[in-house]
Amino acid sequence: MTVSRIVRRRELEVMLGKVKPHPKPKVRLEQYQTPPRLASTLLHTAAYTFNDLAGRVVCDLGCGTGILALGASLLGAEYVVGLDLDPEAVKVARENAFSLGVKNVDWIAGSLEAVRGGFDLVVENPPFGVWRRGADLEFLGKALTLAPIVYSVHKAGNRRHISAAVQKFGGRITAAFKSRIIIPYMFSFHRKPERSVEVEIYRVETG
């Protein structure tokens with residue numbers, strides 16, 4: 001999708017606020033919706049601070065209902081692939097793409113092995129690894145095999161852990177900035193109407 005003007009971050013946030021969440025999220029997959037504010041901050045930084053997005057081929061790993069993939073398209077990505085293990089999430093992502101008039105995204109329901117290299121950029125908000133230890137690093141390692149530049153969201157307070165993993169995978173962190181995820185009451189074990197979780201977004205390069 002070609003964008004002939006600069007899209008303001010707040011404008012993008014409003015557009016992404018129209019993305020429907022998963023109707024029946026699964027706790028074992030840590031299917032927490034990426035908030036529009038976080039998604040718009042990540043993508044706006046990629047597009048206008050680092051010039052990583054316009055005209056690029058992008059992959060959204062663990063795309064859920066498509067918020068990062070759709071935002072990448074709206075900011076001028078040439079072509080986007082959204083991958084998620086959950087077919088129901090992918091179904092909703094397709095509906096969201098239709099609602100937003102986005103046509104240059106292909107959606108894949110499958111595991112991480114369903115995609116291979118050839119991308120310019122990967123964006124991801126992976127599971128934090130609360131329910132399956134190491135899931136966050138599994139996504140990060142896969143992302144760094146797909147593209148030379150990766151934007152990845154991780155729970156704050158783990159920078160040393162993430163830095164060591166990035167180095168092990170042959171990458172280097174070139175930028176990091178903080179944001180928050182507001183997790184609403186979604187599952188029976190939740191005790192509050194919502195919970196605020198601080199996260200860090202890492203920009204990682206290979207080579």
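This is a short tour of three paired strands and two nonpolar cores in a predicted model.

Residues are numbered from 1 along each chain as its sequence is written. Local features need pLDDT of at least 70, side-chain atom pairs count only at pLDDT 80 or more, while totals for chains, interfaces and linings use all residues, and side-chain values use heavy atoms, without hydrogens and water.

**The strands**

Select residues 79-84. This is strand S2, a DSSP run of E with at least two residues, numbered from the N terminus. Of its 6 residues, 5 are buried (under 20% relative accessible area, 1.4 Å probe, protein chains only).

Add residues 57-61, strand S1. S1 and S2 pair in the parallel sense over 5 bridges; pairing needs at least two DSSP bridges. Find Cys59: Val81 in S2 stands opposite. Now follow the chain from S1 through helix H3 (residues 67-74) to S2. This β-α-β crossover is right-handed: with the strands pointing away from you, the path over the helix runs clockwise.

Next, select residues 105-109, strand S3. S3 pairs with S2 in the parallel sense, over 5 bridges. Gly82 stands opposite Trp107 here. Helix H4 (residues 87-100) carries the chain from S2 to S3, in a right-handed crossover.

**The cores**

Keep Trp107 selected and add Leu43 and Leu53. These have the most contacts inside the largest nonpolar core, which has 38 residues. Such a core joins buried Ala, Val, Leu, Ile, Met, Phe, Trp, Tyr and Cys residues through side-chain atoms within 4.5 Å.

Zoom in on Leu53. Beyond four places in sequence, its contacts (heavy atoms within 4.5 Å) include Leu43, Val58, Leu75 and Leu121.

Finish with Leu83, Leu112, Leu137 and Phe139. They are among the 22 residues of a second, separate core.

Notes:
Buried means under 20% relative accessible area, exposed over 50%, partly exposed in between (1.4 Å probe, protein chains only). Helices (H or I, at least four residues) and strands (E, at least two) are DSSP runs, numbered from the N terminus.
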